Amino acid sequence: MKSALVIRHISYEGLAAFQPPIERAGYAISYADAGTAAFHALDFLAPDLLILMGGPMGVYEGEKYPWIAHELKRLSARIAANRPTLGVCLGSQMIAAAMGARVYKGPVKEVGFAPIALTGAGKALPLGHVGGTPIMHWHGDTFDLPEGVTLLASTGHYAPQAFS
């Protein structure tokens with residue numbers, strides 16, 4: 001069975017609706033909590049799929065959350081190795097930062113349900129099925145798109161909502 005490791009940046013941030021399709025795809029799911037002793041020993045290259053969830057902190061808060069720099073270093077190595085990685089909310093910001101992009105406070109807090117606008121590339125992927133569907137947003141940070149990625153979705157307040 002393939003392995004999926006979920007990194008939680010806050011203990012209650014689980015997979016929610018992502019869990020059933022990941023399990024149907026044949027992955028055994030395990031969890032690790034950022035900032036714990038066990039977290040620092042994890043090999044980010046080992047799992048077949050790495051999933052980084054959200055959290056209330058910002059990527060730029062490394063002084064307050066010392067584990068961020070350690071996570072970014074290991075995440076950067078995983079991305080360089082071209083290993084399957086999915087980031088949700090803070091997780092996508094961590095991926096962007098690990099790829100050299102700037103992460104910063106956005107213009108407004110985007111909280112609540114709102115649809116995403118899909119790009120042509122986004123419409124061509126399984127993500128295309130959620131176009132026009134209200135999606136839960138809860139963030140106030142944003143990031144520049146890393147070099148070499150494809151923008152998949154945006155909202156009126158935040159251009160990068162999904163990328164590959």
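**View A. An open sheet of three strands, β6-β8-β9.** In this predicted model, three strands line up in the order β6-β8-β9 to make an open sheet, and their pairing is antiparallel. The edges are formed by β6 (117-118) and β9 (162-163), each of which pairs on one side only.

**View B. A closer look at β8 and β9.** Strand β8 covers residues 151-154 and is joined to β9 by two bridges, with the two strands running antiparallel. To find your way here, start at L151, which stands opposite F163 in β9.

**View C. An open sheet of four strands, β2-β1-β3-β4.** Here the pairing is parallel, and the four strands follow the order β2-β1-β3-β4 in an open sheet. At the edges you will find β2 (27-33) and β4 (85-87), each pairing on one side only. From one strand to the next, the twist averages 20°.

**View D. Where β3 meets β4.** Three bridges link β4 with strand β3 (residues 49-52), and the two run parallel. A handy landmark is I51, which has L86 of β4 opposite. Helix α3 (residues 67-80) packs on this sheet, where it touches β1 (2-8), β3 and β4. The direction of helix α3 makes about 140° with that of β3.

**View E. Helix α4 across two strands.** Which strands does helix α4 lie across? Helix α4, made up of residues 90-98, lies across β3 and β4. Follow the helix alongside β4 and you will see that α4 runs at about 125° to that strand.

Note on methods:
Residues numbered from 1 in each chain as written. Predicted model: local features only at pLDDT ≥ 70, side-chain atom pairs only at ≥ 80, totals over all residues. Heavy atoms only, no water. Pairing = 2+ DSSP bridges. Axes fitted to C-alpha atoms, helices over the stretch in contact; angles between N-to-C directions. Contact = heavy atoms within 4.5 Å.
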